[in-house]
Every structure is written in C-alpha cells, then in structure tokens.
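Reader: I would like to go through this model with you and ask, term by term, what each description rests on. Could you set the values beside the cut-offs as we go?

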Amino acid sequence: MMVLITGGYGFIGSHVAEQFYKEGYEVYILDDLSTGKVGNISFKHKSAILSIDDVKCKEIFKSYNFDIVVHLAAQVNVTKSIINPVQDAQSNIVGLLNILQLSIENKVKKFIFASSAAVYGDNPNIPLSENELPDPISPYGMSKWMGEQYCTAWGKQHDIEIICFRFSNVYGPRQTNEGEGGVVSIFTSNILNNIPLEIHGDGNQTRDFIYVKDVAFAIYRASQSFISGIYNLSTNSKTSINQLIGILKDINPHVEVTKTAPRDGDIYHSSLNNAKVTEMLDWTPFYSIEDGLRKTYEWATNAFHQQIEHQIKEKRKNVFKFPEHLNVIRPYTENIILFTILSMILLQFNLSIIPVFFFGVFYIMTIGAIYGNTQAFTGVVLTFLLLVYTYSSLGRDLVSLLYDTTFLFQIVTILFIGLVIGYSTQRKNIKIQEQKEQLEDLEKRYHYLQEIYTEVRNVKNELQFRVKNNEHSFGKIYSIIKELDYLEPEKIFTNSVKVTEKIMHCNGVAVYQLNTSQTFLRLVAHSDFTNNNTVPASLKVEDTAYIQQMMNTGKPFINRSLSLNTPLMAAPIYYNGQMCAVIAINNLPFESFSRYHENLFTIVKELIQRSLSRAYDFIELSEDQRYIKNTTVLYMEKFKEIVQAKEDARTKYNIPYKVLTLTVPLEQLIETSTNFRKILRETDYLGYENNLLYILLPYTQNRDLPMILKRFETAGYANDFDEKVF
C-alpha cells in the first residue's frame, strides 16, 4: 500500500513517514522544503519538491495510486499569519483544497488532515472538548478551522473517509523554534548554547505537550481504522512552563532562568480533552512529559555536537583557501609571477638569444602540461615579450624584428609548441575529468548499494529475531497469509475461517456467499458446525438488518448493542464493486471486543477480499479450461479440487457435504446441466466424467437428502441417483 505525506520532510511529517515505513507502506513525500529538511528522512522513499498548491501535484496523483493521504504541509507560524494572512490562506486553505480535491478525484480511501488547537482561541473551558465552539484569534487558527469545514463537507459529499486531528503542543526531535510547541526546542537550544531561559510572566501558564511519536502512531492507527470526523490529539494534561524548566533542570542542572513581562495575546492555559480519540481509536499517549523531554534533549545534544564538528571541519577547510572570487585569475597570477622570477634569474647571466629561446620553449611545455592550453598561450605571450626584451637589450630595433626570419621562426615555433602542448594537455585533463566523474558516479552507486545491503541485512536480522522471540512474529503472520494464497474460492472460504480465528483469537466464524440477485446468502464455511448449530445456513437480505446496513454503508458492522441472534462483528467482502460475501464473528472474548480488534478485523477482511478477488479474476480468465463448453459443468480435475476443499472443511470443522451421481449421456449433458441449474443452489457444483454427472451439495446431511431428491423428481428426473464417496 502507498501513502502520500505532504510536509513529510518536516518535524511531524518525518516521524509520520517513519511510522508508515516501519509498517511496510511505500512512502511518497510532497514538500517544498520551506521548513523541512531532506536529511530528516533516512529510509528509501519517493518524493517531489513541490508546493501543495502547484498544478504539478495533479500529475503525481495520476502517476501513483495512493491509498492514504496524510496532509501535514502548512504555514504554522502564528506571527507570520498575522503579518501576511494572504500567504497563510494560500498555503493552509488553497493548498489543502488542491490536495483534497485530487484525493477525491483519484479515489483515495482515507484522508487525514492536521488541524490545530488554535481553532479554539482563548477558551477558558479547560480541558477543551471537540464540542466547544471554535473561536480562533489568529489567521492561522482561522485557516485551520476553515480547512476542517472543507474536509467535513467533502467527506459528506464524496465517498472518502476524512479525519481531522486538532494537535495540542507537539514537541520532540527535529523540531524547529516555530509555533507554540517550539518552546521546548527553544529551551533545549538555549541550554546547549549557555543562554538563559526566558520566561514571559510568572511561568505558571500551561500547555498540553504531546510527544511527536505519539502523534505519529495515532495518525497511523487512524489510517487503519474506519473512524472519521474531528478529534483532539493530546495528552489531556497541563504542564506549566515552570514545570517544564524543572524537568530540564533534572536533565541538566546548569540551567539559568530570567523573567520578563508577559506577552500580549498569550493564552494563559491550554489543554485538550482526548477522551473521544482514546475511546474511538483505542489509543493513548505512551510517552510522559519527562520521557519525551529526555529523548528530545538527547537528540538535541547529538545534533548540537554534530553541528559543532561540521563547523570545525569547514573552518579547517577554509584556513588556506584561496578567495572564491579570485579563483579565476589565480592561474594567471601564478604563471606571471613564476615566469618573472625565472626570467630575472636568467637575465642575470647576460645570455644570448638561443638560451633564452630554449628557456621559453621549456617553460611553455612545462606550464602547458600543468595548466592546459589557456596558460600555455599565456606562456607564449610571456616568452614573446622576453625575446623582444632580449633582442632590444642587444641593440636591435623593434621594427627590424618584423623582417628578421630568425625572430619570426622563433615566434612561430613557440606558438606551435604552445598550441600542441596546450591542446594535448587539455584533452588529457578532459579525459581525467571524465574518468573522475565516472569514478564518482560508481562510488555513489556503490554507497547506495551498500546502504541497501546494510538496510536489508538489518531488516533480515530483525525479522529473524522477531520470528524467534515474538509471539506475533512475522513468520506466523506470513504463514497465516499463505493460508489464503489459493486460486479456488472454496479453499479460500474454508481457510478464511482459520485465518480469522488465528488473528482475532476467537471462534464461531462464519462465511456467507451472496447470490447474484443480492437477495439471499448461503453459508459456505463455519468453524463450529454441528447438527444442532444455531448459526443459520441461509439468510434473506430483506429479513437481516445488519446485512442491509452493510450493503448501504459498505462498512463493517459492530454489534455494540449486543443484540441477540446477531454476530458481534461482520464485514462485507466485495468483488468488482459489488458485495459477494460476508464474514461474521459470533463468539469473541470480552477483552477482545475493542477498537483495536475492530481495526484488526477490518485488516483480516481486506486480506480475504484480495485473495477472493484474485481467485475470481483467475476463474474468469480460465473459464474455457474450467467448464465443459456451453455448460456450467466442471471438468473432473477442477471438480475434484473443490470436493477436496469440502473434505478438508469436513475434517477440520465437521462441515457436511454430499456428492450424488446420475448417468447422463454426453449428448444430453448441455440440456441436463441447464435444467439442473434451475434446481440447484448457486453454491452447488456439477462435474462430469465417463457419462456420469456428479452433483456436489455443500452443507447437506443425510436428513436433507429426501427433500433434495424429491425436488429432482418433481423436475422430471427419476429417483435413480447414487451417493458417491471420494
């Protein structure tokens, strides 16, 4: 499954992305890096550096089939929203509408929107519940409230589940100093930089601080549930600034504090009631304020030391570094200075033209081999000037040099050498640069592959450890999923009972198959079938309220009122957009009747639904290999596979079945099978071999046979059926 996280490189978004990645999701991040950092994410993922209101977002949604969208990208600075409310609305309203509309157009199943406690404004009814009337006092709070209204309206009008979380003051690793929750980040940063902590007012003002990993886990849990609506996400507690500083002093005793005047507009007390989310989502915050602050401080300390080490390395690099803006003239300067020094030494010996000429040739070859054609040409110019100076010092007129063949030959020679040496060196340097680039590319690939290898080894080691030590290990989950890895629906129906019992730790699981007219359900699998079983073998849709409810809503049914003669949980199974079966749990331990198990049941239902869809697709594609031409009669090989599935169900769950045979000539097979389809149930099967028509009757006992045979006799078939045992 794939999740899109807007703002996924940010403080909260990076933790949410990590949570989904750990749960096996493919993560796609959309972020404009206005506040986020790519370095916040270290695992493999896909991403696009875009603003959420960019038209290119449409192409991303078209290219990827997102199952879940978590919308965290926003302008979160209250002060900035007051200074520039238009920019705040552009990001928090227009950007949200763009992502929300694209999610609806591309049939995203779940949309989670990050709202804020700022929607409540300065409300004294602490702790604030979701029923309190929003009264924001800043453009930021207004934009978040407006976002909630759009989400609520869109959720009602379109087939999409939308959850709005009103965050309290989130804190934790990777947090910047923006937003109200940034007080923790500001305090830890000041402590590490030996700056006194500044308290505005008396320090008794309170906030509801929640650790970022608790937020990330709640968002993930919400994505796996079938809840929707608006929820506070908080710890339902109040922590004063003085208490916050007290905890930080326990972590680091060297903390200094100064007090200043209160800030205008500051809310004195803030706390959110989280009763609704803890009840509906079966979630509670795991980290206390002490644990969360300690982990945040540890992360900040490590980040601080890494930053100092990086700054020291950069300073060391720049100690003898040539000024950047002078790098262009640096080679020319070195060339001229070196030539001048060597020339002055040479001229001290009062040499003739020939030694000076050979010195120039040697210098051009050397400088050209070091720097290439540009400096080689500079060497040519310098050598020309030296030759002219030498001729002049010997009494030659400059004009006469223009007619001197020796001088002209020398000039042509040094020019030719300069061009050849410079060109050759330039080609060599280009080759070396190309090889360096190839080497860098190979090194990058090597490091990337090394990271993947290390990651795979770590995952492998973790899996081995969990398989060995964890009661709910991946090995067991894998073995459970393999129970559904079949292409025969009857096998899947039978094994889905076993899978549900294993995962849900329950019994009394029943699976019903819905007929094509959507009016009748027939029991096809049950975990505890006996002669006196109270689970009905068939159900009429019009007489069964919970079936009608599921057909209308498309959502699982939970028997919270504990109605009699009704399953505790039931879920619809769909194929090609139409309900084809129902899985129900009749017996469930009291401690398992919780939100967690409701979410777990939804996952089980999805597993079964996917397996059935794959099996039905396979049957449609292989009809010519499955059924005898122009009939609904199975080839005997396929028929025996279904009988074997029924035999397995009889052995495991005592589910009865009967197989009858009737002699039918081949030329009468099409007519007979057509007539039998009018008599038989949709869950019955026909097979044919050697002039014998086989009839498989699931959930049929000895006492049912007289009635069935009577039905055949009424249809014009003599009572000459034989019972067959495979």
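Reader: What is the bridge partner of M2 in β2?

Author: In this predicted model, M2 is bridged to E26 of β2. That bridge belongs to the pairing of β1 (residues 2-6) with β2 (residues 26-31), which run in the parallel sense.

Reader: What makes β1 and β2 a pair?

Author: Two strands count as a pair if there are at least two bridges between them, and β1 and β2 have 5 bridges, so the condition is met.

Reader: In what order do the strands of the sheet that holds β1 lie, and which of them are the edge strands?

Author: The order is β3-β2-β1-β4-β5-β6-β11, an open sheet of 7 strands with parallel pairing. The edge strands are β3 (46-49) and β11 (229-233), as each of them pairs on one side only. Neighbouring strands in this sheet are turned against each other by 15° on average, with direction ignored.

Reader: How do you know that helix α1 packs on this sheet, and what angle does its direction make with that of β1?

Author: Contact means heavy atoms within 4.5 Å, and helix α1 (residues 11-22) touches β1, β2, β4 (68-71) and β6 (161-167). Its direction makes about 175° with that of β1; on a scale that runs from 0 to 180 degrees between N-to-C directions, this value describes a helix and a strand that point in nearly opposite directions.

Reader: Why are β16 and β17 said to stand at the edges of their sheet?

Author: The sheet in question is open, with 6 strands in the order β16-β15-β14-β19-β18-β17 and antiparallel pairing. Both β16 (538-540) and β17 (557-558) have a single partner strand, so one side of each is left without a neighbour in the sheet. The partner of β16 is β15 (residues 520-526), joined to it by 3 bridges in the antiparallel sense, and in this pairing R522 stands opposite S538.

Reader: Which helices pack on this second sheet, and at what angles to β18?

Author: Helix α17 (residues 545-553) touches β14 (507-514), β15, β16, β17, β18 (569-575) and β19 (578-587), and its direction makes about 45° with that of β18. Helix α18 (residues 595-621) touches β14, β17, β18 and β19, with a direction at about 30° to that of β18.

Reader: Why can the buried residues of α21 be said to line one face of the helix?

Author: In helix α21 (residues 669-679), the buried residues are L669, T672, S673, F676 and I679, where buried stands for a relative accessible area under 20%. Seen down the axis of α21, these residues fall within an arc of 110°, so they line one face. The face turned away from them carries the exposed residues E671 and K678, and what covers the buried side includes β21 (657-663), β22 (685-689), β23 (692-698) and α22 (705-714).

Reader: Why is N194 called exposed, whereas N691 and L692 are called partly exposed?

Author: Exposed requires over 50% relative accessibility, buried requires under 20%, and partly exposed lies in between. N194 has 69% and therefore counts as exposed; N691 at 40% and L692 at 27% are both partly exposed. L692 is found in strand β23, and beyond its neighbours within four places in sequence it is in contact with T661, L662, T663 and G687.

Reader: What makes the phi values of N194 and N691 worth pointing out?

Author: Most residues other than glycine have a negative phi. N194, in the loop between α6 (182-192) and β8 (197-200), has a phi near 60°, and N691, in the loop between β22 and β23, has a phi near 65°.

Reader: Which peptide bond is called cis, and what is its omega?

Author: The bond from I126 to P127 is cis, with omega near -10°, and P127 is found in the loop between β5 (110-116) and α5 (139-157).

Reader: How does the radius of gyration of the protein stand against that of a compact globule?

Author: A compact globule of 726 residues would have a radius of gyration near 27 Å, but the protein has 40 Å. Its C-alpha atoms fill a box of roughly 140 × 80 × 50 Å along the principal axes, and buried residues make up 46% of the 726 residues.

Methods
Residues are numbered from 1 along each chain as its sequence is written. This is a predicted model: local features need pLDDT of at least 70, side-chain atom pairs count only at pLDDT 80 or more; totals for chains, interfaces and linings use all residues. Side-chain values use heavy atoms; hydrogens and water are left out. Helices (H or I, at least four residues) and strands (E, at least two) are DSSP runs, numbered from the N terminus. Buried means under 20% relative accessible area, exposed over 50%, partly exposed in between (1.4 Å probe, protein chains only). The arc is that of the directions from the helix axis to the C-beta atoms. The radius of gyration is taken over C-alpha atoms; the globule rule is 2.2 Å times the number of residues to the power 0.38.
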